[in-house]
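Trainee: Please take me closely through the salt bridges of this model, pair by pair, and then place them beside a strand and a loop position.

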Amino acid sequence: MPKLLSAVQMDAYHRDGFLSPVTVMTEAEAADYRARLEAAEAAWPEAMQGANRNNAHLNLRVLDELTHHPKILDAVEDLLGPDLLVCGTVLFIKEPGDPGFVSWHQDAKYMGLDPYTDATTIWLALSPATLESGCMRMSPGSHGAGMRDHDDTYQETNILTRGQSVHDVDEAAAVDTPLRPGQMSIHNLAVLHASSPNRSSDRRIGFAVQSYLKPTVRQTRGETFVQLARGTDPNRYLHHIGRPRTDMAPEDVAMREKVNDLWSDVLYHGADKRRDF
Ligand SMILES: O=C(O)CCC(=O)C(=O)O
């Protein structure tokens, strides 16, 4: 018996490689999370810039709560089953007028996760993600064709680590995934997706759990740390860590730094250049 998604929604996810929108909280709840996140940004600005947009859930309660939010986990459980691990999170924030964009790419290309089909990513909107603010665009069905060649462009305004880009995407068939605050999209790690700059007057705040994994997943390019989100992990292929009890506890900050360094080694494995995120 599914916990949140209908059979139609689950079929759409498997057919298209993504599902959007999925409502997991009210706009008022999302506004409360946004206010808490922005208070944390004001208190610890350095904790969320550059490389530190990664894995802030390891030392901020607000992002920890979102990562382990029961409704989000219900939807993920409907797709992956009852045993769930969290291997990382990313804050994708585009300020108003920000030229930052995301080129067409497949997440699985550089994450070293095998099998990537036993993983999924959620992207939760904490502000309106619209055509104007640069919501994600997805290429339906593109997850079915395996890994594509990516060109590491390192374009300055490309907010992906290497500016990795797949060039021959059928843009005409692409689908926009606008989200209200409190809604999320869920995508397969092989689906092609992209997003444009934020031309609105509000911040575009997205929180991605990248990704939830079944315990069957191994890391092929380095080391990965995970939290148990639901059920059990009989395999223990990846390193387990706990959840923060307060904000910015020194031991959690140190653990996050270690996790980010090792994650960066995975993402930049074999790369010509390395950037600060
Ligand atoms: O935030 C964006 O526009 C892109 C996010 C993304 O590429 C992802 O969540 O995999």
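Mentor: What follows goes through the charged pairs, then turns to a strand and a loop residue.

This is a predicted model, in which local features need pLDDT of at least 70 and side-chain atom pairs count only at pLDDT 80 or more, while totals for chains, interfaces and linings use all residues. Residues are numbered from 1 along each chain as its sequence is written, and side-chain values use heavy atoms, with hydrogens and water left out.

With a salt bridge taken as a side-chain nitrogen of Lys or Arg within 4 Å of a carboxyl oxygen of Asp or Glu, the count comes to 20 salt bridges. Arg15 and Asp16 make one of them, their side chains meeting at 3.0 Å, N to O. Asp16 is buried (under 20% relative accessible area, where exposed is over 50% and partly exposed lies in between, with a 1.4 Å probe and protein chains only), because its relative accessible area is 16%. Arg15 counts as exposed, because its relative accessibility is 55%.

A second salt bridge brings together the side chains of Asp64 and Arg243, at 2.9 Å from N to O. This pair links distant parts of the chain, since Asp64 belongs to helix H3 whereas Arg243 lies in the loop between strand E16 (239-240) and helix H5 (250-267), with their positions 179 residues apart in the chain. Helices here are DSSP runs of H or I with at least four residues, and strands are runs of E with at least two, numbered from the N terminus. Asp64 has a relative accessible area of 0% and is therefore buried, whereas Arg243, at 43% relative accessibility, counts as partly exposed.

The side chains of Arg230 and Asp74 meet in a further salt bridge, at 2.8 Å from N to O. Here again distant parts of the chain are linked, with Arg230 in strand E15 (residues 225-230), Asp74 in helix H4 (residues 70-80), and 156 residues separating the two along the chain. Both Arg230 and Asp74 are buried. Elsewhere, salt bridges that share partners join six side chains, those of Arg34, Glu38, Glu41, Glu95, Asp202 and Arg203, into one network.

Strand E11 can be set beside these pairs. In this strand, residues 183-188, 6 of the 6 residues are buried, so E11 is largely enclosed by the rest of the structure. Gln183, Ser185 and His187 point one way from E11, while Met184, Ile186 and Asn188 point the other way, and the residues of both sets are buried. Strands pair if DSSP finds at least two bridges between them; E11 is joined to strand E1 (residues 18-23) by 4 bridges, the two running antiparallel, and within that pairing Leu19 stands opposite Ile186. E11 also pairs with strand E6 (residues 119-125), again in the antiparallel sense, over 5 bridges, with Thr120 opposite Asn188.

The loop position is Glu46, which lies between helix H2 (27-43) and helix H3 (61-67). Glu46 counts as partly exposed because its relative accessibility is 48%. Between Glu46 and Gly112 there are 28 Å in space, C-alpha to C-alpha, and the two are 66 residues apart in sequence.
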